[in-house]
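Hi,

Here is the structure I promised to pass on to you. Have a look at it first, and then read on for what turned up in it.

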Amino acid sequence: MIIVMESNATESELDEILELIEEEGFEAHLSPGVEKTIIGLIGDREGKEQLKERLSAYEQVEKVIPVLEPYKLTGWKFSRQKTVIDLDGVRIGGKEPVVMAGPCSVESKEQILTTARIVNEAGAEVLRGGAFKPRTSPYSFQGLGEKGLELLALAREETGLKVITELMDVEHLEIVNEYTDIIQIGSRNMKNYALLKKVGGLDTPVMLKRGMASTIKDWLLAAEYIMSEGNHQVMLCERGIKTFCEDTRYTMDLSAIPLVQEKSHLPVIADPSHGTGRWELVAPMARAAIAGGADGLLMEVHPRPKEALSDGQQSLKPERFENLMDELHRMNRALAEVENSISSAL
Ligand code: PEP
Ligand code: MN
């Protein structure tokens with residue numbers, strides 16, 4: 001809230017206003033100007049509306065302007081500390097980027113167990129795999145449903161990996177929540193406010209993918225829907241947006257990563273698989289996302305991409321994934337060194 005004083009307000013009239021603000025438990029920031037003095041009021045709690053009315057009644061106050069803070073819970077004003085989602089030691093939003101990898105869809109016991117072993121060996125900490133799939137065509141493979149969830153749980157049991165899977169519909173909330181460690185809300189559902197509110201009522205961490213045609217503002221407000229219901233364990237995922245460019249499936253919006261981090265304390269994950277739609281572009285975009293400050297990566301890996309029932313064209317083969325993990329590991333070490341040298345130079 002900003003309070004603009006009348007230009008002829010005296011010093012004692014100004015003090016009176018400052019005293020009132022402080023008495024009510026708010027902090028005042030004074031900006032004395034040549035023409036007018038402006039007071040910025042800090043603090044977001046009950047009583048602000050009444051105070052606004054009282055202040056407006058003073059003659060020496062020209063006007064009171066409410067500052068709308070759209071990102072009440074996702075913004076840095078709510079938390080000055082970055083959100084870290086801790087899944088038994090897998091810290092999303094912590095110092096080290098977290099890799100979530102696995103097939104687009106869970107297809108069979110052999111396929112998910114093989115993939116889980118590969119990504120686990122290579123250093124991933126979370127296994128991804130869709131059981132309920134949001135496919136563009138109703139005639140495409142729709143996922144194994146509950147059976148897929150059971151297979152993910154089996155892979156978790158064997159490898160110790162955490163599991164992330166998509167929740168598409170309120171109807172499956174309980175069953176998905178029973179099996180998964182992180183609930184994924186997909187791009188197509190980013191604006192499904194009823195679904196967002198429902199996951200907001202759980203205490204399971206949620207990964208909210210950016211809608212493919214959504215602005216940063218829409219995306220953060222969607223996260224507000226989840227957080228305002230009480231669930232503060234939210235991470236965001238940049239997964240590419242629709243642009244005029246037809247050469248890739250989507251346009252990976254790398255600038256969204258630092259941009260969102262500037263506005264929000266929530267961890268940001270990058271998905272270069274959906275972001276590009278081409279396996280050849282996954283590794284370079286994964287490296288770029290990490291260099292740009294992403295808190296983690298979500299990537300599709302399949303033991304035999306050519307046989308994949310969904311998104312084979314953007315899935316990495318095991319050897320390519322292993323090479324990428326090795327590169328990322330070395331990159332992280334180099335980035336940590338650069339960061340140290342920056343902070344010691346400051
Ligand atoms: C997925 O992760 O498999 C998926 C369908 O993602 P998106 O919602 O980003 O398309
Ligand atoms: Mn996919």
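Let me start with ligand 1, which has 13 residues around it; the closest are R128, Q184, S187, K209 and R239. Please keep in mind throughout that this is a predicted model. By class, the shell around ligand 1 divides into 7 charged, 4 polar and 2 nonpolar residues.

A few individual contacts to ligand 1 may be handy for your setup. The side chain of R128 places an N or O atom 2.8 Å from an oxygen atom of the ligand. For K209, a side-chain N or O atom is likewise 2.8 Å from an oxygen atom of ligand 1. S187 takes part through its backbone: an N or O atom there lies 2.7 Å from a ligand oxygen. As for the cover, ligand 1 has 300 Å² of accessible area on its own, and the protein covers 97% of that.

Next, the metal. Which residues coordinate the manganese ion (ligand 2)? They are C104 through SG, H274 through NE2, E300 through OE and D311 through OD, at 2.1 to 2.3 Å. If you like to search by pattern, the spacing of these donors along the chain is C-x169-H-x25-E-x10-D. C104 sits in the loop between strand 7 (98-102) and helix 3 (109-122), while E300 belongs to strand 14 (residues 296-300), so this pair ties together parts that are 196 residues apart in sequence. C104 and E300 are both buried.

D311 deserves a second look. This donor is found in the loop between strand 14 and helix 11 (318-345). Its relative accessibility is 12%, and because the cut-off for buried is under 20%, D311 counts as buried. The backbone of D311 has a phi near 55 degrees, a positive value in a residue other than glycine. For context, most residues other than glycine have a negative phi.

D88 also has a positive phi without being glycine, with a value near 45 degrees. Is D88 buried or exposed? D88 is exposed, with a relative accessible area of 70%. Its place is the loop between strand 5 (85-87) and strand 6 (90-92).

Now to the aromatic rings. The structure holds 1 aromatic pair. Its members are Y193 and Y225, whose ring centres are 4.3 Å apart and whose planes meet at 25 degrees, so the pair is stacked. The two tyrosines link distant parts of the chain: Y193 is in helix 6 (residues 193-200) and Y225 in helix 7 (residues 216-227), 32 residues apart. What about their exposure? Y193 counts as partly exposed at 32% relative accessibility, and Y225 counts as partly exposed too, at 31%.

Finally, the overall picture, in case you are planning a simulation box. The protein chain has 346 residues, and buried residues make up 50% of them. Its secondary structure comes to 11 helices and 14 strands. Along the principal axes, the C-alpha atoms fill a box of roughly 80 × 50 × 40 Å.

If you want somewhere to begin, I would open the manganese ion (ligand 2) with C104, H274, E300 and D311 around it, and then turn to ligand 1 with R128, S187 and K209 among its surroundings.

Happy browsing, and do write back with anything that catches your eye.

Best wishes

Technical notes. Residues numbered from 1 in each chain as written. Chains lettered and ligands numbered in written order. Heavy atoms only, no water. Donors = N, O, S within 2.8 Å, 3.2 Å for Na, K, Ca; no water. Helix = DSSP H or I, 4+ residues; strand = E, 2+ residues; numbered from the N terminus. Buried < 20%, exposed > 50% of the residue type's maximum accessible area, 1.4 Å probe, protein only. Near = heavy atom within 4 Å. Polar contact = N/O pair within 3.5 Å; in protein donor to acceptor, adjacent residues only side chain to side chain. Areas by Shrake-Rupley, 256 points an atom, 1.4 Å probe, with all protein chains shown as cover. Nonpolar A, V, L, I, M, F, W, Y, C, P; charged D, E, K, R; others polar. Phe/Tyr/Trp six-rings, centres within 6.5 Å; stacked < 30°, edge-to-face > 60°.
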